[in-house]
Structure formats: C-alpha cells, structure tokens
Amino acid sequence: MNDISILGLPLANPVVIGSGLLTDQERNIRKLIEKGAGAVVTKTIHPRPPKGLDERILRLPVGMLNSTTYSKRSVDHWLGVLRSFAEDGLPIIASLHADTPAELAALAKDVEATGCRALELGISCLNEEDGLEDDNPDRVYAYTSQTRGRTALPISVKLAVGEGLQDRVRAAIAGGADAITLSDTIPGAAVAPDTGELELNGVYGYSGPGLKPLVLAAIWQLRKRGIELPILGGGGVTSGRDVADYLSVGATVAQVYTALHTDMYETLERIVAETHDLVGPFAAQESRGAIA
C-alpha cells in the first residue's frame with residue numbers, strides 16, 4: 001500500500017489506531033506502530049486530568065461499554081512523549097480536549113511546539129462528569145475555530161453519529177477542520193441480571209460491531225451530500241473486510257480500537273494483513289481529500 005496520507009501524515013496503510021486506554025502509554029503506542037499501524041491516535045490529553053473517577057470497561061456479547069474519559073497523565077508528561085515521537089518521525093495524532101474552547105486552543109499551541117504533526121479534537125466524549133447532552137453546531141464551531149486560530153496543524157474533529165450530524169460536520173468545516181473522525185462512542189447501557197440495575201451505574205459509551213452499520217450509513221450520506229474533506233471512519237472494525245467497507249463508502253482511512261482489547265498486537269497484525277489482501281495497492285484507490 002502506497003501514497004496514503006491523512007492530516008499531513010504519510011501512512012504505510014489505512015489502519016489507524018483510535019484513541020483509548022490502549023493508547024495511554026508510550027510503549028504501547030510505539031509497539032502498535034512497530035506491529036503495523038498506519039498511525040496511532042493518543043488517549044485524549046486534557047489540561048485537568050480526571051481524578052478519583054470510577055473508570056471501567058464492560059465487555060458485551062457484541063462490543064463494549066466504557067466509563068472512561070481522558071488520560072490521567074499530565075500535559076507536561078504528554079508534551080515530553082509527543083516530542084520524543086516527533087524526533088523519531090512517528091505517525092502520531094494527538095487527541096486533545098479541554099473544558100473551554102480557549103483552553104483547547106492553548107493546549108493545541110503547546111502540542112504544536114513539540115513537533116507533533118496532527119491533532120484530533122476529542123470534543124464529543126459523552127462520559128464527561130455531567131454528560132454531553134448538547135453537542136450542537138455552535139459548540140463544535142467554537143471549539144474548532146478557536147483551536148484553528150492558535151495552530152496551523154491539521155485538525156480532525158471527532159464527532160458521534162446521531163441527530164444533527166450533517167450540521168455538526170458543516171460547523172466543524174466552517175471552523176477550519178481539515179478532517180472529521182466518525183464516530184465517537186454513542187450512548188449505551190446494559191442491565192445486570194442479578195440486580196436489574198444498569199451496569200457501570202449509568203449510560204456510557206458504546207463501541208463495537210453494532211456501531212459499524214450506523215457509521216457506514218453516516219459516511220455514505222455525508223459523501224452523497226457533498227462533504228469532501230477526509231474522514232477517519234471507525235466503529236466495529238474487527239477485520240480487513242471492515243476496513244475495506246469503510247473505504248468503500250468514502251472513508252479515507254479506518255480507525256480500529258475496541259477489537260484490540262483482545263490480543264492487541266496479534267489482532268492488529270491480522271487486520272493489517274487482511275486489509276492488504278483485500279484493498280491491494282492503496283495508491284490505486286481514491287483517497288478523498290487527503291492532505292499530502
């Protein structure tokens with residue numbers, strides 16, 4: 001696979017590791033690249049890392065629920081790690097969020113100074129302490145535009161499928177986004193059979209195969225409606241067939257995450273190998289809007 005790029009990063013293949021607990025440590029990220037990932041998105045970096053939260057994952061028959069939020073590691077820690085990645089020329093996308101657009105913009109500026117080459121704005125996490133009840137176009141525009149005003153780095157805005165997606169995508173574009181990551185987790189719940197109460201004590205982020213049809217439909221619809229910027233598609237990627245499906249409906253690359261919670265490195269190597277067999281030389285595919 002040749003001539004793939006996303007957010008200015010040249011990639012060996014279109015399999016990108018999504019942000020999550022598995023990308024919260026430097027050694028994991030480096031090994032994921034070593035094992036064949038086209039790029040890796042860090043765990044979301046936040047100016048005020050969460051403390052004392054009951055962060056857990058719950059495996060379901062299909063997919064996973066998680067009550068996690070942001071990296072517990074400090075900004076200073078991450079700035080050092082990102083600087084090391086940049087010195088080694090690794091294809092790393094820094095996931096960022098903050099409590100206000102101004103704080104996010106300032107954080108992006110600090111990350112840019114490390115030599116990191118690409119950002120993903122993780123502004124749609126529904127597991128925040130008060131939940132995310134109103135991810136509307138005005139909010140998306142504010143976070144995107146203020147960040148764009150402080151950094152020249154390529155930016156992907158991570159959004160969740162659901163009501164008003166097209167308007168939120170257009171708000172991100174108006175704010176200066178270079179790409180869209182779709183989808184963040186969506187609200188999910190499971191009932192504990194012994195108590196009848198909700199597992200994890202609430203509604204939290206669902207990821208896994210059940211998300212894939214929703215995201216495929218959303219990407220296809222966005223392309224039909226004239227959205228041309230690159231899309232990092234993800235949700236339920238467990239095989240090379242899933243990656244190929246995302247590319248077929250118009251994604252530029254595909255993110256994989258939940259499947260890696262089982263045999264992380266072996267699973268990644270299998271997905272990359274299957275993708276190569278199915279997709280073939282990527283230069284022959286249409287890479288919509290990729291930033292060279």
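## Exercises on the fold and core of a predicted model

The protein holds eight helices and 14 strands. The model is predicted.

**Exercise 1.** Determine which radius of gyration a compact globule of 292 residues would have, and compare the protein with that value.

*Solution.* Step one: for 292 residues, the compact-globule value is near 19 Å. Step two: the protein has 18 Å, which agrees with that expectation. Step three: along the principal axes, the C-alpha atoms fill a box of roughly 55 × 40 × 40 Å.

**Exercise 2.** State what share of the residues is buried and describe the exposed surface.

*Solution.* Step one: a residue counts as buried under 20% relative accessible area. Step two: by this cut-off, 57% of the 292 residues are buried. Step three: the exposed area is about 12,200 Å², of which carbon and sulfur atoms supply 48%. Step four: as for charge, there are 27 positive and 37 negative side chains, and the centres of these two sets lie 3 Å apart.

**Exercise 3.** Identify the residues with the most contacts inside the largest nonpolar core, and trace the surroundings of Val157.

*Solution.* Step one: the largest nonpolar core comprises 76 residues, and Leu96, Val111, Val157 and Leu182 have the most contacts inside it. Step two: leaving aside residues up to four places away in sequence, Val157 touches Leu121, Ile123, Val140, Thr144, Ala172, Ala177, Ala179, Ile180 and Thr181. Step three: a second, separate core has 13 residues, including Ile6, Leu7, Leu9 and Ala179. Ala179 is thus a member of this second core and is also touched by Val157.

**Exercise 4.** Give the share of contacts between residues at least 6 apart in sequence that join residues at least 24 apart.

*Solution.* Within the protein, this share is 70%.

Definitions and conventions. Residues numbered from 1 in each chain as written. Predicted model: local features only at pLDDT ≥ 70, side-chain atom pairs only at ≥ 80, totals over all residues. Heavy atoms only, no water. Helix = DSSP H or I, 4+ residues; strand = E, 2+ residues; numbered from the N terminus. Rg over C-alpha atoms; globule rule 2.2 N^0.38 Å. Buried < 20%, exposed > 50% of the residue type's maximum accessible area, 1.4 Å probe, protein only. Contact = heavy atoms within 4.5 Å. Areas by Shrake-Rupley, 256 points an atom, 1.4 Å probe, with all protein chains shown as cover. Lys, Arg positive; Asp, Glu negative; His and termini not counted. Charge placed at Lys NZ, Arg CZ, Asp CG, Glu CD. Core = buried A, V, L, I, M, F, W, Y, C linked by side-chain atoms within 4.5 Å.
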